2 protein chains.
Amino acid sequence: MEQYFVKEKIDSDEFKITDTENYQHIIKVLRHKIGDKIFLVDNTQSLFAATIKEVDSDNKAFLVETKKQTLKTTELPLNVTIACSLSKKDKVEWITQKATELGATRIVFFNSKYAIMHWKSNVVEKKLSRLQEIAKNAAQQSKRRVIPEVSYLNKLTDLVDIKAATNLVAYEESAKQGEISLLAQTLNENPESILCAFGPEGGFAPDEVEFLNDHDFLSVGLGPRIMRAETAPMYFLSVLSYKYELTVK
Amino acid sequence: MEQYFVKEKIDSDEFKITDTENYQHIIKVLRHKIGDKIFLVDNTQSLFAATIKEVDSDNKAFLVETKKQTLKTTELPLNVTIACSLSKKDKVEWITQKATELGATRIVFFNSKYAIMHWKSNVVEKKLSRLQEIAKNAAQQSKRRVIPEVSYLNKLTDLVDIKAATNLVAYEESAKQGEISLLAQTLNENPESILCAFGPEGGFAPDEVEFLNDHDFLSVGLGPRIMRAETAPMYFLSVLSYKYELTVK
């Protein structure tokens, strides 16, 4: 059954969906009729089964009968921020989609020295709006309760302003030097929230890593193989899910 | 430094590269000259630093001086087969590239009931040859010692012929029913080799899962979020790397 997000809190047995985008997609594109069922997630992350009762095509709205569901949340038990250096359009979009499926709470793109792409200030808003839409669709498809927030930092040094309880930087050189256990050690400490920064294809500049290390970002290796820039964040998120959602206590 | 595979065993200080594809790429496209260094992996998974000594453009070959390297292998400590239901061309290619980066030993595509793509028998060879090329390039880029073998099974039931020591099937319904620890339990048993089957976007048919279960494929959930068909194998491979390459003993 499809799931959609609504921006309001659902607090009665009936709810009117006035978001024209939802109307357009659910009623016009998918041609759902009275009696059809969908899932809704409201702004408190609550999940409802919703049966379509009335369609108001003049106002592009529809009324549903709602029933709160008690299914366990699908969110990771900690806030996770993935901070990735800018790369090509399709990679940035891909990272957004996959990081959403894999449970990221926040997805940040940032400028760095060896990044092959740079966003001019006048395109940032449009780019983010497109990525936010991708995140919403992926969150709906993967049955998340939260749409990750997608944002942009003009400078790598701005990462210090959005730090989590625990901050990491995925660093290939760490892996090359045979560092194999810092990530596991860190995760064993059960951080309340975690941020991991990922470099561009060309890697971080040494002074960028030094800056991050100086600001309490721990360099961690992600295994012996060289991963592409877009693969490393997926590895990281998969590991968090395994560690905190699947590992026998 | 770039890495390339050679089909022969390198057993002296000099080695003549006669593979025209390597010649074309290294000498013609990248314009490497005498004195330039590359890495070579031979058919015994040994790694060599190789310095170009002579270029024989008549025969499209070149001679290198080799020095065996003692770097630790970049291969996972167990054989891992990823078996994925067929999907669209770009997804199949993407799975091949990413599964290679993440360390799979073998990548198998198979036909299943709800798969949205089917390969006619006359295209299989061409498709596999293209995917094998993608795997080779990804293996070189990620500094693997092995190129994963890409193959195709015309029927899901043929999976029983390629079983590993431990066999799994990623099953969404397991995840929905709150199964959260079978994967971790299985990995704790340190299997010698492992195969995991992944369904198409539409999922496995119930009788397909039943068939696999009857043939000792254990159904495992991969967490509470619904992942796209191409994301699940990446999750699985990342987890194996974390468990066997990064976790503190």
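What follows walks through a predicted model, from the single chain to its central strands and then to the contact between the two copies.

Chain A is built from seven helices and eleven strands. Its C-alpha trace covers about 65 × 50 × 30 Å along the principal axes. Of the 249 residues in this chain, 41% count as buried. Contacts reach far along the sequence: among those in chain A with a separation of 6 or more, 75% link residues 24 or more positions apart.

Strand β6 of chain A (residues 79-85) is a handy place to start. Six of its seven residues are buried, so the rest of the structure largely encloses β6(A). On one hand, β6(A) pairs with strand β10 (residues 193-198) of chain A, in the parallel sense and over six bridges. In that pairing, N79(A) sits opposite S193(A) of β10(A). On the other hand, β6(A) runs parallel to strand β7 (residues 106-110) of chain A, and five bridges join the two. Here A83(A) stands opposite V108(A) of β7(A), while S85(A) has F110(A) as its bridge partner. Together with α2(A), these two strands, β6(A) and β7(A), form a right-handed β-α-β unit.

Strand β7(A) is mostly covered, with five of its five residues buried. In a regular strand, side chains alternate between the two faces of the sheet. For β7(A), that puts R106(A), V108(A) and F110(A) on one side and I107(A) and F109(A) on the other; all of them are buried, and both faces are covered. Besides its pairing with β6(A), β7(A) has five bridges to strand β8 (residues 149-153) of chain A, again with the strands running parallel. One opposed pair there is F109(A) and Y152(A), the latter in β8(A). To get from β7(A) to β8(A), the chain passes through helix α3 (residues 124-141) of chain A, and this β-α-β crossover is right-handed.

The largest nonpolar core holds 108 residues. The residues with the most contacts inside that core are A83, A170 and C196, listed for chain A and for chain B alike. As noted, A83(A) faces V108(A) of β7(A). For C196(A), setting aside neighbours within four places in sequence, the contacts are I82(A), A83(A), L168(A), A170(A) and F236(A). Two of the residues that lead the core, A83(A) and A170(A), are thus also contacts of C196(A).

A loop in the other copy gives a second local view. P148(B) lies between α3 (124-141) and β8 (149-153) of chain B. With 24 other C-beta atoms within 10 Å, P148(B) is buried. Leaving out neighbours within four places in sequence, P148(B) touches A99(B), T100(B), A104(B), T105(B), R106(B), I107(B), A135(B) and A139(B). The C-alpha atom of P148(B) is 9.9 Å from that of E101(B), although 47 residues separate them along the chain.

As for how the copies are arranged, chain A can be laid on chain B with an RMSD of 0.0 Å, using a turn of 180° and a shift of 0.0 Å along the axis. The two copies are therefore related as by a two-fold rotation axis. In chain A, V239(A) has the C-alpha nearest that axis, at 2.7 Å.

The contact between the chains draws 33 residues from chain A and 33 residues from chain B. On the chain A side, α2 (89-101), α5 (182-188) and α7 (231-246) each supply at least two residues. Helix α7(A) gives the largest share of that side, nine residues. By type, the chain A side divides into 13 nonpolar, twelve polar and eight charged residues. The copies meet through the same surface, because 100% of the interface residues of chain A are also interface residues in chain B. Helix α2(A) thus turns up twice in this account: in the β-α-β unit with β6(A) and β7(A), and among the helices on the side of chain A that touches chain B.

Definitions and conventions:
Residues numbered from 1 in each chain as written. Chains lettered and ligands numbered in written order. Predicted model: local features only at pLDDT ≥ 70, side-chain atom pairs only at ≥ 80, totals over all residues. Least-squares fit on C-alpha atoms with pLDDT ≥ 70 in both. Contact = placed C-beta atoms within 7 Å. Core = buried A, V, L, I, M, F, W, Y, C linked by C-beta atoms within 7 Å. Buried ≥ 20, exposed ≤ 12 C-beta atoms within 10 Å, placed from the backbone. Helix = DSSP H or I, 4+ residues; strand = E, 2+ residues; numbered from the N terminus. Nonpolar A, V, L, I, M, F, W, Y, C, P; charged D, E, K, R; others polar. Pairing = 2+ DSSP bridges. Right-handed = clockwise from strand over helix to strand, strands pointing away.
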